[in-house]
Amino acid sequence: MTGDFRKVNRGPAASAGNRLAILAAARVVFATRGYHAPLSAVAKEAGVSQGVLYRHFPTRLALALAVFDEHWTEYERLAADPDPGAFGRLWSLVVERTINEAAFVEMVVDARRQAADYDGAERMRSLLGPSLARAQAAGLADAALTVDDVMLAQRMVYGIVVTAVDTTALRDHVRRALATARLLPPA
């Protein structure tokens, strides 16, 4: 019995599936190995060639921005919630993702350097502002807190994450720093 067990090239029919596989793989590789992980690792994790990866995402930044779009969708959903507690949930998610996925903060830094039109900081400010105001009006957030304070605290969290030598106490260090800044997410 003879058989050819090589993969069949499905061409354009595989495009959507390849794209989804690449995005899922990038999420895993960036989270575990950082933003500057080799893109060959993403292609291998996705089960595609590097050529397929580059056809979908010609640059590392294009790939990271596509993966990060999923985060924006969740942030926007939380920010649109009229419940005054939405700010706490949004802020908690931002902090948690900064701890677990610091690669995306590296991507934002890279985007600011490479793409003059990248609006991530302004986009985040526009999401935080109204939800922070609702939380303040309900007495759930310090009235003196500003969106710039929140943005600075997020940068502080990132600094703690990327400079940690021993990550066993990382969450404790982040909580202590945020408590000092009056920006501790709800438990």
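**Group meeting talk: a helical chain and its largest pocket**

Let me begin with the pocket, where helix H8 gives the most to the lining of the largest pocket, with six residues. I should say at once that this is a predicted model, and that the values I quote are computed from it.

The largest pocket holds about 510 Å³ of space, and as a reminder of how such space is found, rolling a probe the size of a water molecule over the atoms shows where empty space is left. Its lining is made up of 26 residues, and those that lie nearest the centre are Val105, Val108, Arg112, Met151 and Gln154. Besides H8 (147–163), the helices that each supply at least two residues of this lining are H4 (60–80), H5 (86–100), H6 (103–114) and H7 (120–137). If we sort the lining residues by character, we find 17 nonpolar, four polar and five charged.

Now let me step back to the whole chain, which has nine helices and zero strands. Of its 187 residues, 41% count as buried, and its C-alpha trace spans about 75 × 35 × 35 Å along the principal axes. Among contacts between residues at least 6 apart in sequence, 64% join residues at least 24 apart.

Which residues touch the most other members of the largest nonpolar core? They are Ile22, Val42, Leu63, Tyr75 and Trp91, in a core of 62 residues, and the largest share of this core, 10 residues, comes from H4. This fits a broader pattern, since in soluble globular proteins nonpolar side chains tend to be buried together.

Two helices deserve a slower look, and I will take H1 (15–33) before H6. In H1, the buried residues are Ile22, Leu23, Ala25, Ala26, Val29 and Phe30, and they pack against H2 (39–46), H3 (50–56), H4 and H6. At 1.5 Å a residue, the 19 residues of H1 should span 27 Å, and the end C-alpha atoms are 26 Å apart, which agrees. Just after H1 comes glycine 34, which takes a positive phi of about 95 degrees.

Turning to H6, its buried residues are Ala103, Phe104, Val105, Met107, Val108, Asp110 and Ala111. When you look at the spacing in such a list, remember that an α-helix has 3.6 residues a turn, so residues three or four places apart point the same way. The buried residues of H6 pack against H1, H4, H5 and H8. Here too the length can be checked, because 12 residues at 1.5 Å a residue should span 16 Å, and the end C-alpha atoms of H6 are 16 Å apart, which agrees.

Technical notes. Residues are numbered from 1 along each chain as its sequence is written. This is a predicted model: local features need pLDDT of at least 70, side-chain atom pairs count only at pLDDT 80 or more; totals for chains, interfaces and linings use all residues. Side-chain values use heavy atoms; hydrogens and water are left out. On a 1 Å grid over the protein atoms alone, a cavity is a set of points where a 1.4 Å probe fits but cannot get out, and a pocket is an open set with protein on both sides within 12 Å along at least five of seven lines; lining residues have an atom within 4 Å of a point. Grid points are joined across faces, edges and corners, and a volume is the space filled by probe spheres set on the points. Helices (H or I, at least four residues) and strands (E, at least two) are DSSP runs, numbered from the N terminus. Ala, Val, Leu, Ile, Met, Phe, Trp, Tyr, Cys and Pro count as nonpolar, Asp, Glu, Lys and Arg as charged, and the others, Gly among them, as polar. A nonpolar core is a set of buried Ala, Val, Leu, Ile, Met, Phe, Trp, Tyr and Cys residues joined through side-chain atoms within 4.5 Å. Buried means under 20% relative accessible area, exposed over 50%, partly exposed in between (1.4 Å probe, protein chains only). The expected span of a helix is 1.5 Å times one less than its number of residues. Contact means heavy atoms within 4.5 Å.
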